[in-house]
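Reader: Could you take one part of this model and go through it closely, setting out how its side chains are placed and paired? I would like the cut-offs stated as they come up.

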Amino acid sequence: MSDEDANPGAAPTLEQARKQIARYGLETDPQAVLVAVRLMAAGVRLDRASEVHFARSGLSTGRYRLLVDLEDSDGEKSPSQLAKSLGVSRATVTGLVVGLEREGLVARRASAEDGRGAVVVLTARGSQRLRDMAADHFARLEALVGGLAADERGLFLDLLERITQRIDALTAE
């Protein structure tokens, strides 16, 4: 509908959605299409902004999420558990861990439960990185939604959950 890369401030309009649907002779709700298109465009912009944000601390969004997941799990998890909780492949986790390990933010060690398996452990340096960035990070998150009242944020969370439950509509065969 609009080329977000050519004009990142441009937002498709309801009229544009109506015209495009009519062009194809479809019986589709233009408002539903507009909401989905704007949500997808916002997701792309948010992803880009997240990468810039986390780069200030020498991280990527994925690396940050892995560190936080470890912190929330008492500091250690197996690679397969990380892949599952982050919603990524084991190969992605391996790539993230290699970079984080190189910086001393995580370490790998043999699992105490299964000597054949390994776990990824949050190091003191990794924990400190999260602490160092916490104040700025949470202030920026709060500013991101600062234009919404508390009740609007609650409604938004509900709406996001309902949409997230239907994401498979885009990928279903």
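Author: What follows is a close look at the C-terminal helices and the contacts and charge pairs around them.

This is a predicted model, in which local features need pLDDT of at least 70 and side-chain atom pairs count only at pLDDT 80 or more, while totals for chains, interfaces and linings use all residues. Residues are numbered from 1 along each chain as its sequence is written, and side-chain values use heavy atoms, with hydrogens and water left out.

The helix to begin with is α6, where helices (H or I, at least four residues) and strands (E, at least two) are DSSP runs numbered from the N terminus. It has 21 residues and reaches 30 Å from its first C-alpha to its last, close to the 30 Å expected at 1.5 Å a residue, the expected span being 1.5 Å times one less than the number of residues. Helix α6 nevertheless bends by about 50° at Ala134, the bend being the angle between axes fitted to the seven residues ending at a position and the seven starting there.

Gly126, Ser127, Arg129, Leu130, Met133 and His137 of α6 are buried, where buried means under 20% relative accessible area, exposed over 50%, and partly exposed in between (1.4 Å probe, protein chains only). These buried residues of α6 pack against α2, α3 (61–72) and β3 (118–122), contact here meaning heavy atoms within 4.5 Å.

Among the buried residues, Arg129 has a relative accessible area of 18% and forms a salt bridge with Glu103, the closest N and O atoms being 3.4 Å apart. The pair links distant parts of the chain, since Arg129 is in helix α6 and Glu103 in the loop between α5 (90–102) and β2, 26 residues apart. A salt bridge is counted when a side-chain nitrogen of Lys or Arg lies within 4 Å of a carboxyl oxygen of Asp or Glu. Glu103 is partly exposed at 24%, and Arg63 joins Glu103 and Arg129 in a network of salt bridges. By this rule the count comes to 8 salt bridges.

Helix α6 also takes part in a nonpolar surface patch of about 940 Å², made by Leu39, Leu46, Phe138, Leu141, Leu144, Val145, Leu148, Phe156, Leu157, Leu160 and Ile163. The elements that give two or more residues to the patch are α2 (30–55), α6 (124–144) and α7 (150–164), and the largest share, 4 residues, comes from α7. Patches are made of residues with over 30% relative accessible area and no salt bridge, like charges being joined within 9 Å and nonpolar side chains (Val, Leu, Ile, Met, Phe, Trp, Tyr) within 5 Å; the accessible areas come from the Shrake-Rupley method with a 1.4 Å probe, and for residues only the protein chains shown count as cover.

Within this patch, Phe156 lies in helix α7 and counts as partly exposed at 41% relative accessibility. Helix α7 also holds a charge pair, as the side chains of Arg162 and Asp158 meet in a salt bridge (3.1 Å, N to O). Being 4 residues apart in helix α7, these two are separated by about one helical turn. Arg162, at 47% relative accessibility, and Asp158, at 37%, are each partly exposed.

Thr164 is likewise found in helix α7 and is partly exposed, with a relative accessible area of 46%. The C-alpha atoms of Thr164 and Met40 are separated by 12 Å, although the two residues stand 124 residues apart along the chain.
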